Number of protein chains: 2
Amino acid sequence: MDLEGASKGMANTKKMDYVLLGLLSHESMTGYEMKKRLDTTLRFFWGGSYGSIYPTLNQLEKEGKVTKEDTSSNGREKISYSITEYGRESLRDWLRKPVEKDELRYETLLKLFFGNETGMEGAKEHIERFEEKCKGELVVLNMFAENLAQYLEDDTHKHYYLTVKFGIKTYESYLEWCKEAKEQIKEWEGK
Amino acid sequence: MDLEGASKGMANTKKMDYVLLGLLSHESMTGYEMKKRLDTTLRFFWGGSYGSIYPTLNQLEKEGKVTKEDTSSNGREKISYSITEYGRESLRDWLRKPVEKDELRYETLLKLFFGNETGMEGAKEHIERFEEKCKGELVVLNMFAENLAQYLEDDTHKHYYLTVKFGIKTYESYLEWCKEAKEQIKEWEGK
DNA sequence: GAATAATATATCAGTTTGATATATTTGTCA
DNA sequence: TGACAAATATATCAAACTGATATATTATTC
């Protein structure tokens with residue numbers, strides 16, 4: 001028990017290991033495909049770059065948590081990764097531990113917070129740009145949800161569905177906030 | 001115009017500069033005090049560590065954006081930082097640029113997404129822990145809002161107030177999602 | 001037939017975190 | 001009064017991660 005030295009008093013800070021193991025627990029794929037998943041399916045709550053994906057995959061292979069298979073065809077280099085039973089144990093071990101950190105880093109809020117340096121006009125612009133972006137994200141998320149609704153017998157899709165619902169709920173509340181914030185600013189300006 | 005090489009086609013990726021300049025635009029303070037602000041006032045939308053604060057302060061001084069003043073008393077080392085006019089220009093320049101990235105990194109959602117490896121029972125536990133945490137955060141945010149409501153003549157506090165309202169709105173929607181997600185799981189289990 | 005987009009792996013400098021080291025002062029409680 | 005814990009304060013480092021870039025092939029569009 002007690003994989004990867006969590007007993008040594010050090011926090012389990014490297015998350016990319018589990019993100020990639022998680023993706024591979026669904027199906028075998030290439031590093032490129034993992035990046036695409038991070039940019040589409042997971043993008044509303046988690047990110048990841050090539051600079052983190054490829055080195056982590058090599059490390060996971062050395063640790064025996066994934067296996068490589070050269071599936072190059074013609075001249076196109078292609079390495080397909082699969083999760084091992086040991087990798088799956090490691091993933092489950094992590095999944096059962098309590099969450100260490102949920103973090104929001106919204107530059108929009110940062111610029112809004114320091115906004116009195118440039119005035120309410122600047123704040124309003126940032127809120128409007130944020131509003132437009134949220135509307136776009138909501139369209140995407142609603143498409144995801146509609147699509148998913150057809151496959152809810154599958155347990156994997158049930159979990160996916162819950163995260164999409166989270167996204168929809170939060171983006172809807174962002175839009176409400178945008179509306180109220182703009183009204184509040186108008187009220188302040190009126191006086 | 002066009003401070004700090006944004007013209008060279010490189011993204012302005014270092015955010016800590018502006019976080020610290022922003023804090024100093026409100027009032028002069030020490031690095032330790034800046035860390036406290038990040039851990040209290042800003043913690044709902046931005047973080048920061050000592051390992052990033054102190055080196056950045058030294059860099060900002062070299063660039064002429066802040067000035068140091070030794071305010072040690074008795075044996076306690078203490079350096080008070082103040083923003084310069086050039087630093088303020090640099091801050092305003094950044095504030096007027098469009099937001100580059102708003103990012104959410106919720107480990108809770110990650111564990112939920114991959115949760116079919118450990119089953120719905122594990123998912124429920126993560127949701128419940130998340131729910132408890134959100135309730136606590138909401139209490140803090142509501143205290144902030146109540147407190148702030150007294151000082152809304154001040155423009156700095158108006159901006160602060162809008163960000164607190166954002167936090168309240170989102171945490172309330174998180175709680176709604178927790179409720180609905182638990183109901184959904186129960187429904188799935190019933191079948 | 002040429003240009004552009006997509007597939008695919010890989011690396012690197014710069015940024016940030018989380019932890020730790022060090023030292024003093026203030027507050028608590030017995 | 002004395003002992004212990006908490007708060008104040010600066011500083012550094014390994015490890016993690018991002019954003020950008022390099023390289024090369026195949027597929028698509030015009």
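**Two chains and two DNA strands**

Let's begin with DNA strand D: of the 28 residues around DNA strand D, the ones that come nearest are Ser49(A), Gly75(A), Arg76(A), Arg76(B) and Ile79(B). Keep in mind as you look around that this is a predicted model.

What does the protein meet on this strand? Take the atoms of DNA strand D within 4 Å of the protein: 67% belong to sugar or phosphate, and the rest to bases. You can pick out some of the phosphate contacts made by the backbone of chain B. At Ile79(B), a backbone N or O atom sits 2.7 Å from a phosphate oxygen of DNA strand D. Tyr32(B) also brings a backbone N or O atom to 3.0 Å from a phosphate oxygen of the strand. Right beside it in the numbering, Gly31(B) has a polar backbone atom 3.3 Å from a phosphate oxygen of DNA strand D.

Now for the helices. At least two residues each of the surface near DNA strand D come from helix 3 of chain A, and from helix 2 (31-39) and helix 3 (50-62) of chain B. Helix 3 of chain B provides the largest share, four residues. Sort the residues of this surface by type and you get seven nonpolar, twelve polar and nine charged.

Over to DNA strand C. Here, too, 28 residues lie around the strand, and Arg76(A), Ile79(A), Ser49(B), Gly75(B) and Arg76(B) come nearest. Of the atoms of DNA strand C that come within 4 Å of the protein, sugar and phosphate make up 68%.

Chain B again reaches phosphates through its backbone: a polar backbone atom of Lys15(B) is 3.0 Å from a phosphate oxygen of DNA strand C, and one of Ser49(B) is 3.2 Å from a phosphate oxygen of this strand. Chain A offers a contact with a base, where a polar backbone atom of Gly51(A) is 3.2 Å from a base oxygen of DNA strand C.

Which helix gives the most to the surface near DNA strand C? That's helix 3 of chain A, with four residues. Helix 2 (31-39) of chain A and helix 3 of chain B also supply at least two residues each. By type, the surface near DNA strand C holds seven nonpolar, twelve polar and nine charged residues.

One last stop is Tyr50(A), found in helix 3 (residues 50-62) of chain A. Together with Tyr32(A) and Tyr54(A), Tyr50(A) forms a nonpolar surface patch with about 310 Å² of accessible area. Tyr50(A) counts as partly exposed because its relative accessible area is 35%.

How values were computed:
Residues numbered from 1 in each chain as written. Chains lettered and ligands numbered in written order. Predicted model: local features only at pLDDT ≥ 70, side-chain atom pairs only at ≥ 80, totals over all residues. Heavy atoms only, no water. Patch = residues over 30% accessible without salt bridge, like charges linked within 9 Å, V, L, I, M, F, W, Y side chains within 5 Å. Areas by Shrake-Rupley, 256 points an atom, 1.4 Å probe, with all protein chains shown as cover. Salt bridge = Lys/Arg side-chain N within 4 Å of Asp/Glu carboxyl O. Buried < 20%, exposed > 50% of the residue type's maximum accessible area, 1.4 Å probe, protein only. Near = heavy atom within 4 Å. Polar contact = N/O pair within 3.5 Å; in protein donor to acceptor, adjacent residues only side chain to side chain. Nonpolar A, V, L, I, M, F, W, Y, C, P; charged D, E, K, R; others polar.
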